[in-house]
Amino acid sequence: MNNRHNFAPPRLSLRFIPVWRRNFLVWKKLAGSSILGNLADPMLYMLGFGYGLGSLMPQVGGASYITFLAAGTVCYSTMNSATFEVLYSGFSRMHVQKTWDAILNAPLNLDDVMLAELTWGASKSLLSGVAILAVIWALGLQASWLLSLWVLPVVILIGLTFSAMGLVMTALSPSYDFFMYYFTLVITPMVLLCGVFYPVDRLPDFLQIASAFLPLSHAIDLVRPLILGDVPAHIAGHVAALLAWGGVSYWLAVGFTRRRLLT
């Protein structure tokens, strides 16, 4: 397969569903430890910083600091869960365990496997986002139950976007160690620049401009108003930005994976 054919548009088919189900059945055996690992870190950040720093500062953006932080934590947790799943677990299935090679002996193609990995990463991240949202509901941090329910479809979109971005690194990485570049150069800067812990308008102007292009900023700009009881501004623009990041990333991920495994 030449390079031009490698980067042909991804082919979408319902044949991905059995592969998704296979990943779910494997995960179900270790669900307890997996859930704890995905949720402990963001929940500790939210509760520790929210109540710790929150007791030392006034309201942020018209809300208590823990409410402000909780909205960012929904996005942070969703992003992290999707990223870890498609990087570490996805790379294991592709390169270490050779699970993808075994699956491709069935009447499936690589595009079906990639779509299954994308949707499985989003499914895992949905669980993380819902768990943080449940804590928000339990603590009564949301201003409106009805508006906060709209966070759920946003979480699905966030999971798909960051799963697609992570799959690009999975396709390019020679080993697990390579993932540290992605976390250091992409994930951590987004966490610090996109308004998870503090308002973006407190940053220097050039960093605010950079932040505006990052997908996590668009995710937070959708989720935070919904938690605070407001309708987000520029909904279509934020959704389009996340779809663009996810769509282009998935196209690249499929192309790089075809080049890696089929040539």
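**Exercise 1.** Which residues does Leu-216 touch, not counting residues up to four places away in sequence?

*Solution.* Start with the ground rules: the model is predicted, local features need pLDDT of at least 70, side-chain atom pairs count only at pLDDT 80 or more, and totals for chains, interfaces and linings use all residues. Residues are numbered from 1 along each chain as its sequence is written, and side-chain values use heavy atoms, with hydrogens and water left out.

Step 1. Apply the contact rule, heavy atoms within 4.5 Å.

Step 2. Read off the partners of Leu-216: Cys-75, Met-79, Phe-162, Met-190, Val-191, Cys-194 and Val-196.

**Exercise 2.** Place Leu-216 in the largest nonpolar core and find which helix supplies the largest share of this core.

*Solution.* Step 1. A nonpolar core is a set of buried Ala, Val, Leu, Ile, Met, Phe, Trp, Tyr and Cys residues joined through side-chain atoms within 4.5 Å. Buried means under 20% relative accessible area, exposed over 50%, and partly exposed in between (1.4 Å probe, protein chains only).

Step 2. The largest core has 67 residues, of which Leu-216 and Val-223 touch the most other members.

Step 3. Helices are DSSP runs (H or I, at least four residues), numbered from the N terminus. Those that each supply at least two residues of this core include H2, H4, H6 and helix H11 (215-228). The largest share, 15 residues, comes from H4.

**Exercise 3.** Describe the salt bridge of Arg-11 and state what it ties together.

*Solution.* Step 1. A salt bridge is a side-chain nitrogen of Lys or Arg within 4 Å of a carboxyl oxygen of Asp or Glu. This rule gives seven salt bridges.

Step 2. Arg-11 pairs with Asp-111, with the closest N and O atoms 3.4 Å apart. Arg-11 lies in the loop between helix H1 (3-6) and helix H2 (16-28), and Asp-111 in helix H6 (residues 110-139), so the pair ties together parts that are 100 residues apart in sequence.

Step 3. Arg-11 is partly exposed at 48% relative accessible area, whereas Asp-111 is buried at 1%.

**Exercise 4.** Are Lys-124 and Glu-85 buried or exposed, and which network holds them?

*Solution.* Step 1. Lys-124 and Glu-85 form a salt bridge, the closest N and O atoms being 2.7 Å apart. Lys-124 lies in helix H6 and Glu-85 in helix H4 (residues 65-96), so the pair ties together parts that are 39 residues apart in sequence.

Step 2. Both Lys-124 and Glu-85 are buried.

Step 3. Salt bridges with shared partners join Glu-85, Arg-93, Glu-117 and Lys-124 into one network.
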